[in-house]
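Colleague: I would like a close look at a single part of this model, taken slowly and with the neighbouring parts brought in where they help.

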Amino acid sequence: VQLQASGGGLVQAGGSLRLACAASGRTFSGYDMAWFRQAPGKEREFVARLRRSGGSGLFADSVKGRFTISRDNARSAVFLQMNNLKPEDTAVYSCAADGPPYLISSYYHDYQRYDYWGRGTQVTVSS
């Protein structure tokens with residue numbers, strides 16, 4: 001699976017951005033999808049995850065209530081809607097795909113266990 005994130009940019013605190021991750025190469029609907037982010041000088045951290053069948057998703061505590069994740073299997077894409085952005089949300093955001101055998105929940109936050117990664121997109125939130 002090839003993944004490409006897009007939609008990043010510069011936004012003021014309190015603003016919104018919608019990131020997209022386009023997938024190609026394999027059957028997208030067979031993959032659980034996740035978003036991670038990495039700020040300068042920090043470890044990569046889990047942001048959100050969505051099952052292949054959709055649903056409401058799983059979120060890091062730091063973004064819960066502000067971010068939503070969705071997918072469109074017909075378009076082979078997953079989205080991250082980010083509202084009420086804060087300066088601490090500044091990071092490079094990347095998407096990842098988890099195929100069979102799927103990760104158990106205790107590994108959802110471990111980016112190294114995902115099967116495929118895409119090039120990230122920069123999100124900068126100014127105060």
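In the hairpin of β7 and β8, which residue takes a positive phi, and how many residues lie between the strands? Please start there and work outwards to whatever surrounds that part.

Modeller: The coordinates come from a predicted model, and everything that follows should be read as computed from that prediction. In the hairpin that β7 and β8 make, 4 residues lie between the strands, and Ser 76 is the residue with a positive phi, near 55°.

From that turn the two strands can be followed away from the hairpin. Strand β7, which covers residues 67–72, runs antiparallel to β8 and is joined to it by 6 bridges; within this pairing, Thr 68 has Gln 81 of β8 as its bridge partner. β8 is also paired with strand β3 (residues 17–24), again antiparallel and again through 6 bridges, and here Ala 20 finds its bridge partner in Phe 79 of β8. As for exposure, β8 is mostly covered, since 5 of its 6 residues count as buried, that is, under 20% relative accessible area. As a general point on such elements, the side chains of a regular strand alternate between the two faces of the sheet.

Strand β3 leads on to the disulfide. A search of the whole structure finds 1 disulfide, and it is formed by Cys 21 and Cys 95, whose sulfur atoms are 2.0 Å apart. Because Cys 21 belongs to strand β3 and Cys 95 to strand β9, the pair ties together parts that are 74 residues apart in sequence. The torsion about the S-S bond of Cys 21 and Cys 95 is about 60°, and the disulfide is therefore right-handed. Both ends are covered: Cys 21 is buried with a relative accessible area of 0%, and Cys 95 is likewise buried, its relative accessible area being 0%.

Beyond the end of β8 comes the loop between β8 (77–82) and β9 (91–98), and Thr 90 lies in that loop. With a relative accessibility of 19%, Thr 90 counts as buried, because the cut-off for that class is under 20%. The side chain of Thr 90 reaches the backbone oxygen of Pro 87 at 2.9 Å, while a polar atom of that side chain also lies 2.9 Å from the backbone nitrogen of Val 125. Leaving aside residues up to four places away in sequence, Thr 90 touches Ala 39, Gln 122, Val 123, Thr 124 and Val 125.

Strand β3 also has a neighbour earlier in the chain, Gly 7, which sits in the loop between β1 (2–6) and β2 (9–12). Gly 7 is partly exposed, at 37% relative accessibility. Although Gly 7 and Leu 17 are 10 residues apart in sequence, their C-alpha atoms are 7.2 Å apart in space; the contacts of Gly 7, not counting residues up to four places away in sequence, are Leu 17, Arg 18, Leu 19 and Thr 121.

A further feature to set beside these is the aromatic side chains, for which the count comes to 6 pairs. In one of these, Phe 36 and Phe 46 have ring centres 5.7 Å apart and planes at 80°, so the pair is edge-to-face. This pair links distant parts of the chain, with Phe 36 in strand β4 (residues 32–38) and Phe 46 in strand β5 (residues 45–51), 10 residues apart, and both residues are buried. Phe 36 forms another edge-to-face pair with Tyr 114, at 5.2 Å centre to centre and with 80° between the planes. Since Phe 36 lies in strand β4 and Tyr 114 in the loop between β9 and β10 (116–119), this pair ties together parts that are 78 residues apart in sequence. The relative accessible area of Phe 36 is 1%, which makes it buried, and Tyr 114, at 5% relative accessibility, counts as buried too. Phe 36, Phe 46, Tyr 111, Tyr 114 and Trp 117 form one aromatic cluster.

Charged groups are placed over two rings in this account: the charged end of Arg 44 sits over the ring of Trp 117, 4.7 Å from its centre, and that of Arg 113 sits over the ring of Tyr 107, 3.6 Å from the ring centre.

Terms used: Residues are numbered from 1 along each chain as its sequence is written. This is a predicted model: local features need pLDDT of at least 70, side-chain atom pairs count only at pLDDT 80 or more; totals for chains, interfaces and linings use all residues. Side-chain values use heavy atoms; hydrogens and water are left out. Buried means under 20% relative accessible area, exposed over 50%, partly exposed in between (1.4 Å probe, protein chains only). Contact means heavy atoms within 4.5 Å. A polar contact is a pair of N or O atoms within 3.5 Å; within protein, one must be able to donate a hydrogen and the other to accept it, and residues adjacent in sequence count only if both atoms are side-chain atoms. Rings of Phe, Tyr and Trp (its six-membered ring) pair if their centres lie within 6.5 Å; planes under 30 degrees apart count as stacked, over 60 as edge-to-face and the rest as tilted. A charge sits over a ring if NZ of Lys or CZ of Arg is within 6 Å of the ring centre and within 35 degrees of the ring normal. Two strands pair if DSSP finds at least two bridges between them. A disulfide is a pair of cysteine sulfur atoms within 2.5 Å.
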